[in-house]
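Work through the exercises below with the sequence and the structure open beside you. Each task is followed by a solution that proceeds step by step.

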There are 2 protein chains.
Amino acid sequence: MARETPVPRPTDAELQILRVLWRAGPSTVREVQASLAQARATGYTTVLKLLQIMTEKGLVEREDAGRAHIYRPRQTEEQAQGRLVTDLLDRVFGGSAQQLVLRALAARPASSSELAEIRRLLDDLEGEQTE
Amino acid sequence: MARETPVPRPTDAELQILRVLWRAGPSTVREVQASLAQARATGYTTVLKLLQIMTEKGLVEREDAGRAHIYRPRQTEEQAQGRLVTDLLDRVFGGSAQQLVLRALAARPASSSELAEIRRLLDDLEGEQTE
DNA sequence: TGACACCTACGAAGAGCTTCGTATATAGTT
DNA sequence: AACTATATACGAAGCTCTTCGTAGGTGTCA
C-alpha cells in the first residue's frame, strides 16, 4: 500500500477551479473554462494544464467520457473550507478561533439575520459542551 | 506625490517575521533571527534578505541605529488580520462571514468562556446596526 | 595595525505558480 | 480521403518565493 503525500493547500488559481467544480458538479475542461472566463479571461490550455497538475496533486480526480475527461473535486467544499480556515487560524491567529471570528465580523459586518444564525450556532455548540 | 502600490498580502515566511515583530516590537535582524530560530532553523542572511524585500514591499519600515537597522511593521497585527481574513472570506467563502464563522468554530471548538465572549461581540455588533 | 566579529548588500540557485504555444490524436463532415 | 473542430499532452517562458554564499564595510580589542 503506497503512502500518499497529503493533499496540499490549493493555490489561488486552483481554488478558483475548485469553486467552479463545487458549484457546477463534475465538469469537462471546456465547461470549467467557460465558467471561469466570465469572471476572468483564462486560456483553454491554461485550465487544462491546471487540471492536470491538480490531478497529480490529488486535488481532483478524472474519469474518461468519450474523448474528453470529466473532473471532480476530491474534497467537498466544506472539507476544503475547514482546512483553509484551520490553516489561517494557525498561521495568523495563533490558533484562537475567537480572535478570528472577531476579526471576520469586524471586517465584514453581517446582517441581523446572519447574526441571529450565528447565535443559533453558538447555542448548538454550547449544547455539545461537556458541562 | 507618488502613487504607491498597495501593500501586498504577506507570504508565509514574511508572516512569520511580522508575528515576531508584533510580539517583540521593533527589532534588529539579529533579534528576529534569534526569535525565529527557536521554532525553525533560519539562516541569518535569509532573514536579512526577507526584511529587505519586505521593506521594498512596504510591509515593514526601518530606521538606522548605529551600524544596524531596526525594523518595525507598517501595519498593526489587527489590520493585517483583518486584511487576511477578508481575503479568505472572498476567495473561499464567497464573502459570507457567517459561513466562515461556522467553519472556524467547527474546525477548532472554542471553550464556553470564549463562546460567551463571542456572544458579547454579537451583542455589540447588533447594537450598532441601523434598526 | 592586524585579527576578529558584526553589519548590510547583492547575486543566484532551486522550487513552485501561471500562462500559453505547439504537437498530436481522433471524431465527424463533405 | 481530406478538412475541420476539438481533445489531451507537454515543454518552456516569466514570475515569485525562499534560501544561502560571498563580498565589502566598520567598530573593537589585543
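**Exercise 1.** In this predicted model, state which residues come nearest to DNA strand D, and how the residues around the strand divide by class.

*Solution.* Begin with the count: 21 residues lie around DNA strand D, and those that come nearest are A:Arg30, A:Tyr44, A:Gln52, B:Thr11 and B:Arg40. Next, turn to the DNA side, where sugar and phosphate make up 62% of the strand D atoms that come within 4 Å of the protein. Then sort the residues of this surface by class, which gives 6 nonpolar, 7 polar and 8 charged. Finally, assign the surface to elements: at least two residues each are supplied by helix 2 (29-39), helix 3 and strand 2 (68-73) of chain A, and by helix 1 (12-24) and helix 3 of chain B.

**Exercise 2.** Find polar contacts to phosphate oxygens of DNA strand D, and say for each whether the protein atom belongs to the backbone or to a side chain.

*Solution.* Take chain A first, where a polar backbone atom of A:His69 is 3.3 Å from a phosphate oxygen of DNA strand D. In chain B, the side chain of B:Thr46 places an N or O atom 3.1 Å from a phosphate oxygen of the strand. B:Lys57 also uses its side chain, with a polar atom 3.3 Å from a phosphate oxygen of DNA strand D. With a cut-off of 3.5 Å for a pair of N or O atoms, these pairs at 3.3 Å, 3.1 Å and 3.3 Å can be listed as polar contacts.

**Exercise 3.** Repeat the analysis for DNA strand C: which residues are the closest, and which elements give two or more residues to the surface near the strand?

*Solution.* Start again with the surroundings of DNA strand C, which comprise 21 residues, the closest being A:Thr11, A:Arg40, B:Arg30, B:Tyr44 and B:Gln52. Of the atoms of DNA strand C that come within 4 Å of the protein, 62% belong to sugar and phosphate. The phosphate contacts follow: a polar backbone atom of A:Gly43 is 3.3 Å from a phosphate oxygen of this strand, while a polar backbone atom of B:His69 is 3.2 Å from one. B:Tyr44, listed among the closest residues, has a side-chain N or O atom 2.6 Å from a phosphate oxygen of DNA strand C. The elements giving two or more residues to the surface are helix 1 (12-24) and helix 3 (44-57) of chain A, together with helix 2 (29-39), helix 3 (44-57) and strand 2 (68-73) of chain B. By class, the surface near DNA strand C holds 6 nonpolar, 7 polar and 8 charged residues.

**Exercise 4.** Describe how helix 1 of chain B packs with helix 2 and with helix 3 of chain B.

*Solution.* For helix 2 of chain B, the axes are 10 Å apart and the angle to helix 1 of chain B is about 110°, which makes the two helices roughly perpendicular. Here B:Gln16, B:Ile17, B:Val20 and B:Leu21 of helix 1 meet B:Val32, B:Ser35 and B:Leu36 of helix 2, and this contact divides into 5 nonpolar, 2 polar and no charged residues. For helix 3 of chain B, the axes come within 10 Å and cross at roughly 95°, so helix 1 and helix 3 of chain B are also roughly perpendicular. Helix 1 contributes B:Ala13, B:Glu14, B:Ile17 and B:Leu18 to the contact, and the residues from helix 3 include B:Val47, B:Leu50 and B:Lys57. The class count for this contact is 8 nonpolar, no polar and 2 charged residues.

**Exercise 5.** Is helix 1 of chain A oblique or roughly perpendicular to helix 4 of chain B?

*Solution.* The axes of helix 1 of chain A and helix 4 (residues 77-92) of chain B come within 10 Å and cross at roughly 40°, which makes the pair oblique. A:Asp12, A:Leu15 and A:Arg19 meet B:Asp90, B:Arg91 and B:Val92, a contact of 2 nonpolar, no polar and 4 charged residues.

Technical notes. Residues numbered from 1 in each chain as written. Chains lettered and ligands numbered in written order. Predicted model: local features only at pLDDT ≥ 70, side-chain atom pairs only at ≥ 80, totals over all residues. Heavy atoms only, no water. Near = heavy atom within 4 Å. Polar contact = N/O pair within 3.5 Å; in protein donor to acceptor, adjacent residues only side chain to side chain. Helix = DSSP H or I, 4+ residues; strand = E, 2+ residues; numbered from the N terminus. Nonpolar A, V, L, I, M, F, W, Y, C, P; charged D, E, K, R; others polar. Axes fitted to C-alpha atoms, helices over the stretch in contact; angles between N-to-C directions. Parallel < 35°, antiparallel > 145°, perpendicular 65-115°, else oblique. Contact = heavy atoms within 4.5 Å.
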